[in-house]
Amino acid sequence: MKPDVVSFQGVNVKPGSFKFKNIDGSTDNVVNEYDKTIISHSSPRFFGGIGNNFKYKGLELSVFLNGQYGNEVFNESRYRLEGGAPLAYLNLTKDFWENRWTPENPTNRYGTFSVDTENTTASQVSSYYVEDASFLRLKTVTIGYRFPKKKLIWGVSDLKIYVTADNLYTWTKYSGFDPEVDSNVFLLQGFDRISYPRSRSAIAGVNITF
Ligand SMILES: [Ca+2]
């Protein structure tokens with residue numbers, strides 16, 4: 001270990017540990033509860049949606065986009081699947097296991113792994129697990145076709161066929177399943193407790209008016 005490495009109270013900091021910043025100005029270079037600080041912003045600075053309808057002859061297209069900007073999410077999936085909760089004997093991702101820090105693989109991509117919390121800094125909540133959850137989602141797209149009235153027969157006065165698709169695509173840098181997370185606890189906003197992603201769906205329909 002280099003002499004200027006910051007130590008973490010209660011943890012054996014080793015090569016491959018996360019590096020923490022001693023921000024309280026203490027000269028002992030120890031990180032403890034006095035070095036805690038606010039590191040993120042769980043509410044979006046901006047959120048909204050925009051929709052538009054297009055018509056050309058019998059064709060109709062409607063598009064709705066929604067999104068948010070400027071909020072951050074604690075990605076608990078990564079915390080659990082990258083060795084942050086080792087005592088719970090949770091699974092690890094293959095990517096983490098194969099690319100974790102070891103003396104033979106001295107990488108900055110992941111930290112080292114240990115089964116006990118005294119020997120890993122991964123179980124400390126830190127900015128490492130906090131991610132930008134801004135997104136833009138192609139929420140709903142509907143394409144329809146209304147048949148010309150003069151072509152209708154059998155007493156039909158209006159005939160329209162359509163296809164509607166939901167959650168077609170999401171532009172985001174967030175690495176979890178879905179940046180629009182719900183922790184199911186009101187006081188835990190911006191906390192991704194491995195929330196289930198929104199499903200992509202499509203329905204087709206026919207509207208007939210006699
Ligand atoms: Ca300190």
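Which residue stands opposite Asp132 in S6? I looked that up at the start, and Glu72 is the one that stands opposite Asp132.

**Ground rules**

I am working with a predicted model, where local features need pLDDT of at least 70 and side-chain atom pairs count only at pLDDT 80 or more, while totals for chains, interfaces and linings use all residues. I number residues from 1 along each chain as its sequence is written. My strands are DSSP runs of E with at least two residues, numbered from the N terminus. I call two strands paired if DSSP finds at least two bridges between them.

**Entry: the three-stranded sheet**

I started with the sheet that holds Asp132. Asp132 sits in strand S6, residues 130-132. The sheet is open, has three strands in the order S6-S5-S9, and its pairing is mixed. S6 and strand S9 (191-192) are its edge strands, each pairing on one side only.

I then took the two pairings in turn. Strand S5 (residues 72-75) meets S6 in the antiparallel sense, over three bridges. Besides the Glu72 and Asp132 couple, I noted that Val73 has Glu131 in S6 as its bridge partner. S5 and S9 run parallel, with two bridges. There, Asn75 is opposite Asp192 in S9. A note to myself: strands of a sheet pair through backbone hydrogen bonds, either parallel or antiparallel.

**Entry: around Asp132**

I asked myself: is Asp132 buried or exposed? Asp132 is partly exposed, because 17 C-beta neighbours fall inside 10 Å. My cut-offs, with C-beta atoms placed from the backbone, are 20 or more other C-beta atoms within 10 Å for buried, 12 or fewer for exposed, and partly exposed in between.

Next I listed contacts, meaning C-beta atoms, placed from the backbone, that lie within 7 Å. Setting aside neighbours within four places in sequence, Asp132 contacts Glu72, Lys173 and Tyr174. Lys173 deserved a distance check: its C-alpha atom is 6.9 Å from that of Asp132, although the two are 41 residues apart along the chain.

**Entry: the nonpolar core**

Which residues make up the largest nonpolar core? I found eight: Val73, Phe74, Tyr79, Tyr128, Tyr129, Ala133, Phe135 and Val181. Such a core is a set of buried Ala, Val, Leu, Ile, Met, Phe, Trp, Tyr and Cys residues joined through C-beta atoms within 7 Å. In soluble globular proteins, nonpolar side chains tend to be buried together.

I followed Val181 a little further. Beyond its neighbours within four places in sequence, Val181 is in contact with Val73, Phe191, Asp192 and Ser195.

**Entry: the five-stranded sheet**

I moved on to an open sheet of five strands, ordered S3-S4-S7-S8-S10 and paired antiparallel. Its edge strands are S3 (46-56) and S10 (201-209), each pairing on one side only. Neighbouring strands of this sheet are turned by 15° against each other on average, direction ignored. For that angle, axes are lines fitted to C-alpha atoms, and angles run from 0 to 180 degrees between N-to-C directions.

I went through three of the pairings and kept a sample bridge from each:

- Strand S4 (residues 59-69) and strand S7 (residues 135-146) are joined antiparallel by 10 bridges, and Phe64 stands opposite Thr140 in S7.
- S7 and S8 are joined antiparallel by 11 bridges, and Leu136 has Trp171 in S8 as its bridge partner.
- Strand S8 (residues 158-172) and S10 are joined antiparallel by nine bridges, and Asp166 has Ser201 in S10 as its bridge partner.

**Entry: Tyr162**

I picked Tyr162 in strand S8 for a closer look. Tyr162 counts as partly exposed because 16 other C-beta atoms lie within 10 Å. Not counting residues up to four places away in sequence, Tyr162 touches Thr142, Ile143, Gly144 and Gly205. Its C-alpha atom is 9.6 Å from that of Leu59, 103 residues apart along the chain.

**Entry: two phi values**

Last, I checked backbone torsions. Most residues other than glycine have a negative phi. Asn29 has a positive phi of about 60°, and Asn29 lies in the loop between strand S1 (7-8) and strand S2 (30-31). Asn29 is exposed, since 11 other C-beta atoms are within 10 Å. Asn167 has a positive phi of about 55°, but Asn167 is found in strand S8. With 17 C-beta neighbours inside 10 Å, Asn167 is partly exposed.

Notes:
Helix = DSSP H or I, 4+ residues; strand = E, 2+ residues; numbered from the N terminus. Contact = placed C-beta atoms within 7 Å.
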